[in-house]
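Got your viewer open and a hand on the mouse? Let's take a walk through this protein, one selection at a time.

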Amino acid sequence: MVQRTSGRGRSSRIKPDHTRMYIIIGIIAVAVVITTLVLLLYAPKAEAAEGMMSFAYEGKGLVIRKEKLYKSETYGKTTFLAQEGEVVTTGTAIADVYTWDYNANDVAQLNVIEDTIMDYQEKYILDESLKKELENMNTGVNQKAKEISDVVSGAATGNLIKLEQELKQLMQERQKFLNEAVAEDEQLKAFYEQRNDLETRIADWKQTILAESDGVVSFYFDGLETVLTPDNMTKLTPANIADVFAGKSIVPTSGNEPSQTSARSLYRLVEQNEWYVVFVADSRIAEFENPSNVFNVEFSAGENLTFSGSVSESQESGGKYLYYLKFTEPISDMVMARKVNMSITATFSGVQVPAGAVRMADNQLGVYVDNGGNKEFVAVKVKTLDDQMAIVEPENMSSPLISGCTVYA
């Protein structure tokens, strides 16, 4: 009888043939090598060179100052002693404030007695040369008073606070001259005593406000001083900024809304050499992403003013990009500016490469350089670029990306 062997037994003794798989793997490996060599040998290349490119941007922004708003309990009368935009130090007299219950009649009487004293002194000046000097002083006082009157009526422009300070100075000089020119008699002594009594009573209602720190003083407010601050500026959204330009109010972003008190804004002290401008762009702007870039910024705030600044921070919000220009120059007339038009320009120099050579790898901008036959990625900061070329600076200054090297375009 013929013995039959099962099919299972025969198949278990057959060895698999992997030859075909090895051939396929070998072909793939050869293809990868060939592809790599082709990319290295025939990839577009260009020579880096020293170059220079200009940049310009037109926009509008909000001025944000490092400032503190000072208030005083409800007061009835204020006499400003410092002038708008004056640079003051700690302890400088800012203003005299009078309580609501001050007696206006006493103030009026003081003015009358001072005029009486001056009239009496003028009457008893006997020396002709002193009379002539007094006439010149009176002319100066009258001219300054006319300047103030013209500004108030709108017939002329000027800084009222400054003009009033100048008038006060002229009147003080005239009073000092009269006190020295006319000897005190019994009548003058009586007048002086009346004046001193009135001044003593008025002093009880008066408080002189002194600067609590160094800074630039301003007496103008727009209601945004406690909202638009350096601490809050990165919390602003494009919609917040648009609302300010539209004249709408915005909610404080600090979470510390000012308490409602009877105090009124009296003055603000502004840090002279630290201030910002925040603006919104519709697309990312490479030049503003490099914090080492320095720009010339011309503002149309009253007279055109030009400052040097750099972008301290940037962020994306809702598909738009916010940039924060920082300035460390004296704030000058920008102490009162809020909404500004600006022209930002710069000229950049450095290593120039084709714009297409700047690529993103591992979330880092860089340029591939042919370093002795090896393709090496060099991280860079972009100074400026357009559709054709870019000016870049390597993160590591000892990198092979230098003028004359070969880059992959």
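Here is a tour of a predicted model, stop by stop.

**Stop 1: strand β8.** Select residues 264–281, which make up β8. Now look for its partners. Add β2, residues 49–72: β2 and β8 run antiparallel and are joined by ten bridges. To see one spot along this pairing, click Leu62, which sits opposite Val278 of β8.

Next, add β11, residues 320–327. β8 and β11 also pair in the antiparallel sense, this time over seven bridges. Pick out Val280 and you'll find Leu322 of β11 as its bridge partner.

One more strand to add: β7, residues 215–218, pairs with β8 antiparallel over three bridges. Here Val217 stands opposite Leu269 in β8.

**Stop 2: the largest nonpolar core.** Show side chains for Trp275, Phe288, Phe295, Phe299, Leu325, Met334 and Ile344. These have the most contacts inside the largest nonpolar core, which has 30 residues. Which elements give two or more residues to this core? They are β2, β8, β9 (295–301), β10 (303–317), β11 and β12 (339–354).

**Stop 3: Trp275.** Zoom in on this tryptophan and ask what it touches. Leaving out residues up to four places away in sequence, its contacts include Val63, Ile64 and Arg65, along with Phe299, Phe307, Leu325 and Met334. Pro330 and Ile331 are among them too.

**Stop 4: a second core.** Finally, select Val107, Tyr120, Val182 and Leu188. They belong to a separate core of 18 residues.

How values were computed: Residues numbered from 1 in each chain as written. Predicted model: local features only at pLDDT ≥ 70, side-chain atom pairs only at ≥ 80, totals over all residues. Heavy atoms only, no water. Core = buried A, V, L, I, M, F, W, Y, C linked by side-chain atoms within 4.5 Å. Buried < 20%, exposed > 50% of the residue type's maximum accessible area, 1.4 Å probe, protein only. Helix = DSSP H or I, 4+ residues; strand = E, 2+ residues; numbered from the N terminus. Contact = heavy atoms within 4.5 Å. Pairing = 2+ DSSP bridges.
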